Amino acid sequence: MGRETISEIEYFARALKAPRIRDAAARLAEQAREAGWTHEEYLAAVLSREVSARESSGAELRIRAAGFPGRKSLEEFNFDHQPSLKRDTIAHLGTGSFLTEAKNVVLLGPPGTGKTHLAIGLGIKAAHAGHRVLFATATDWVTRLQSAHQLGRLPQELVKLRRYGLIIVDEVGYIPFEQDAANLFFQLVFSRYEHASLILTSNLPFSRWGDVFDDHVVAAAMIDRIVHHADVITLKGSSYRLKNSGIDTLPSARPENTAE
């Protein structure tokens with residue numbers, strides 16, 4: 001390229017706030033000449049570098065903003081510890097199709113069986129697909145809703161949260177809620193019903209959620225909306241974290257940890 005052409009490209013790149021176009025244009029120019037690319041092919045190649053970089057940068061920002069307690073990928077999940085879990089099922093969820101359909105995912109099972117790992121992995125996949133994601137424990141979600149309610153801004157908070165394509169609620173059932181907290185949690189579920197997706201993890205079967213939320217009627221109404229459009233996955237076995245520890249089971253690791 002001539003100096004004048006390079007200067008023009010640098011100016012246009014700055015004006016578009018797309019510095020990678022400048023770098024890609026210079027880097028690909030010689031390759032385009034040698035390979036005999038058309039003008040259209042060269043332009044497409046340059047622009048694709050900018051788009052790829054922006055998508056990667058945007059995904060990273062969404063992952064950081066999600067509040068994950070750590071980074072866990074679906075590719076890192078140990079399926080050998082969960083032989084009954086179908087890889088195809090998780091791979092399909094990883095495509096994010098459930099998000100476009102506003103479906104939910106519920107992961108049930110004893111502690112240490114990989115529920116949170118899968119939830120984070122699916123959340124990271126969603127962020128890469130362009131969806132905004134928020135992760136928190138059930139207790140933290142209730143605390144957030146209580147604060148909004150006390151400030152008289154619960155409706156606005158629920159509308160704000162509906163702008164997120166995916167909300168992940170971890171550890172449902174680890175700590176019981178009082179009835180007021182259960183009602184707030186129900187409003188979160190109700191506000192997203194058939195509008196946006198939830199991923200929930202729990203160490204308890206649905207039959208015991210009434211005890212967790214201190215109201216069997218509210219729990220039943222909540223479960224009804226959660227599972228109406230949902231993939232419910234039950235993980236089994238002992239805690240992966242206790243592997244090689246000499247401890248076989250935990251107190252809550254009972255056969256009743258199923259969807260029923």
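**Group meeting: the sheet, one helix packing and three salt bridges**

Okay, let's start with strands β1 and β5, which pair in the parallel sense over five bridges. Pairing here means that DSSP finds at least two bridges between two strands. The helices and strands I'll name are DSSP runs (H or I, at least four residues, for helices; E, at least two, for strands), numbered from the N terminus. One spot to click on: asparagine 104 stands opposite alanine 230 in β5.

Quick housekeeping. This is a predicted model, where local features need pLDDT of at least 70 and side-chain atom pairs count only at pLDDT 80 or more, while totals for chains, interfaces and linings use all residues. Residues are numbered from 1 along each chain as its sequence is written, and side-chain values use heavy atoms, with hydrogens and water left out.

Back to the sheet. It's an open one of five strands, in the order β2-β3-β4-β1-β5, with parallel pairing. Which strands sit at the edge? Those are β2 (133-137) and β5, each pairing on one side only. On average, neighbouring strands are turned by 10° against each other, direction ignored. For angles in general, axes are lines fitted to C-alpha atoms, for helices over the stretch in contact, and angles run from 0 to 180 degrees between N-to-C directions.

Helix α7 packs on this sheet, touching β2 and β3 (166-172), and the direction of α7 makes about 105° with that of β2. Contact, by the way, is heavy atoms within 4.5 Å.

Now α7 again, with another helix. α7 (residues 138-150) packs with α9 (residues 179-192) at an angle of about 95°, their axes 9 Å apart. That makes α7 roughly perpendicular to α9; the bins are under 35 degrees for roughly parallel, over 145 for roughly antiparallel, 65 to 115 for roughly perpendicular, and oblique for the rest. From α7 you have Val142, Leu145, Gln146 and His149, meeting Ala181, Leu184, Phe185 and Leu188 in α9. Sort the residues of that contact and you get six nonpolar, two polar and no charged. In that scheme Ala, Val, Leu, Ile, Met, Phe, Trp, Tyr, Cys and Pro are nonpolar, Asp, Glu, Lys and Arg are charged, and the others, Gly among them, are polar.

On to salt bridges: a side-chain nitrogen of Lys or Arg within 4 Å of a carboxyl oxygen of Asp or Glu. How many salt bridges does that rule give? The count comes to eight.

Take arginine 20 and glutamate 50, at 3.2 Å, N to O. Arginine 20 lies in helix α2 (residues 19-35) and glutamate 50 in helix α3 (residues 39-66), so this pair ties together parts 30 residues apart in sequence. Buried or exposed? Glutamate 50 counts as buried, at 5% relative accessibility, and arginine 20 as partly exposed, at 33%. The cut-offs are under 20% relative accessible area for buried, over 50% for exposed, and partly exposed in between (1.4 Å probe, protein chains only).

Next, aspartate 231 and lysine 103, at 3.8 Å, N to O. Aspartate 231 is in β5 (residues 230-234), and lysine 103 is in the loop between α5 (97-100) and β1 (104-108), 128 residues apart. Aspartate 231 is partly exposed at 25%, and lysine 103 is partly exposed at 22%.

Last, α7 once more: arginine 144 bridges to glutamate 157 at 2.6 Å, N to O. Glutamate 157 sits in helix α8 (residues 154-161), 13 residues from arginine 144. Also, shared partners join Glu60, Arg64 and Arg71 into one network of salt bridges.
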